[in-house]
Amino acid sequence: MSTTEPDALLGPADIRELAAALGVRPTKQRGQNFVIDANTVRRIVRTAEVRPDDVVVEVGPGLGSLTLALLEAADRVTAVEIDDVLAAALPSTIAARMPSKKDRFALVHSDAMRVEELPGPAPTALVANLPYNVAVPVLLHMLDRFPTIERTLVMVQAEVADRLAARPGNKVYGVPSVKANWYAEVKRAGAIGRNVFWPAPNVDSGLVSLVRREPPKTTATKAEVFAVVDAAFAQRRKTLRAALAGWAGSAAGAEAALVAAGVSPQARGESLTVEDFSAIAEHRPAPASAF
């Protein structure tokens, strides 16, 4: 049985009232679409499998719809908000609607891409409604910077969700798919309709689940592996022999690295796993001497 206050979550009228009081108009520039449906935020929390001992980090809490639902279920929540007005208002919204949990809430007023540390205990979960224009870089930054995050559930534009969760051989498999897979097992975890947002976006949204895993066993660094991934997909229609020529110093060098890694030089990036890219990175030819 929940010990939280009745009707603590925000409904459509609450959201509009809060926004009006703050003079907030959702901006396209920041991809702001506020969730106005309490059932949807509770569904997100359930799908994220948030536990009573979890320390959850939320990126882009906005007016606090999802934040309140997370506080119902988790031990504590740290929200990262870039918007000055929203960041200033959120603590008082939490205190007013869920006073018993206000000491379990922390706010970091910052750009998530610049966050290097968080207050309090290390986060165990990341749950966020991410604006489509920054979703992938923010997600990768948080997974990289906070290795204690075991489970992640993000709501993103459906197209981004498809890319993140794509498998090798899928036509939308690309850089986000491979890099996310370095950190986690990634899968689609549901769809979200447009009518649960204010304003309603002109695109569908999807949920993506990421469960932390060990990165591939490789002698190459993450940066070295990601350099191969970036090169392979920069010219994704080309064979890897051609696409990796710049990375390897020549097409012949690329072919040698591919053969040594057990990958066909005629293959394309979209057919490779993160383990394949790691093997190629290990065999990068040494740069030719200038003498």
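Asn33 is partly exposed, with a relative accessible area of 22%. This value comes from a predicted model, as do the other values discussed below. The cut-off explains the label: buried means under 20% relative accessible area and exposed means over 50%, so a residue in between is called partly exposed. Along the chain, Asn33 sits in the loop that runs between helix 1 (12-22) and strand 1 (34-35). Leaving aside residues up to four places away in sequence, Asn33 touches Asn129, Phe197, Trp198, Pro199, Ala200 and Pro201.

Asn33 also appears in a database record. Under "binding site", an unreviewed UniProt entry lists Asn33, Val35, Gly60, Glu81, Asp111 and Asn129. Gly60, another residue in that list, is found in the loop between strand 2 (55-59) and helix 3 (65-73). With a relative accessibility of 31%, Gly60 counts as partly exposed. Its contacts, again not counting residues up to four places away in sequence, are Val80, Glu81 and Asn129. Asn129 is thus touched by Gly60 and is touched by Asn33 as well. The record itself names Asn129 and Glu81 among its binding-site positions.

The strands offer the next step. Strand 2 pairs with strand 3 in the parallel sense, and the pairing extends over five bridges. One of the residues involved is Val56, whose bridge partner in strand 3 is Val77. Strand 3 covers residues 76-81 and is mostly covered, since five of its six residues are buried.

A buried position can also be examined in a helix. Thr93 has its place in helix 4 (residues 84-97). Its relative accessible area is 8%, and Thr93 is therefore buried. Which residues does Thr93 touch, not counting residues up to four places away in sequence? They are Leu18 and Leu63. Thr93 and Gly64 are 29 residues apart along the chain, and their C-alpha atoms are separated by 7.4 Å.

Helix 7 (residues 175-183) shows burial over a whole element. Seven of its nine residues are buried, so helix 7 is largely enclosed by the rest of the structure. The buried residues are Pro176, Ser177, Val178, Lys179, Ala180, Trp182 and Tyr183. What covers these buried residues of helix 7? The covering elements include helix 5 (135-145), helix 6 (158-165), strand 7 (184-192), strand 9 (205-212), helix 8 and helix 12.

Within helix 7, Lys179 may be considered individually. Its relative accessibility is 12%, and Lys179 accordingly counts as buried. Lys179 touches Leu140, Phe226 and Asp230, not counting residues up to four places away in sequence.

Helix 8 (residues 222-234) and helix 12 (residues 274-282), both included in the cover of helix 7, also pack against each other, with their axes 8 Å apart and at an angle of about 105°. An angle of 65 to 115 degrees counts as roughly perpendicular, and helix 8 and helix 12 are therefore roughly perpendicular to each other. On the side of helix 8, the residues in this contact are Glu224, Val225, Val228, Val229, Ala232 and Phe233, and they meet Phe277, Ser278, Ile280 and Ala281 in helix 12. Sorted by class, this contact contains eight nonpolar residues, one polar residue and one charged residue.

Methods
Residues numbered from 1 in each chain as written. Predicted model: local features only at pLDDT ≥ 70, side-chain atom pairs only at ≥ 80, totals over all residues. Heavy atoms only, no water. Axes fitted to C-alpha atoms, helices over the stretch in contact; angles between N-to-C directions. Helix = DSSP H or I, 4+ residues; strand = E, 2+ residues; numbered from the N terminus. Parallel < 35°, antiparallel > 145°, perpendicular 65-115°, else oblique. Contact = heavy atoms within 4.5 Å. Nonpolar A, V, L, I, M, F, W, Y, C, P; charged D, E, K, R; others polar. Buried < 20%, exposed > 50% of the residue type's maximum accessible area, 1.4 Å probe, protein only. UniProt positions renumbered as here; feature names shortened; annotations may be inferred. Pairing = 2+ DSSP bridges.
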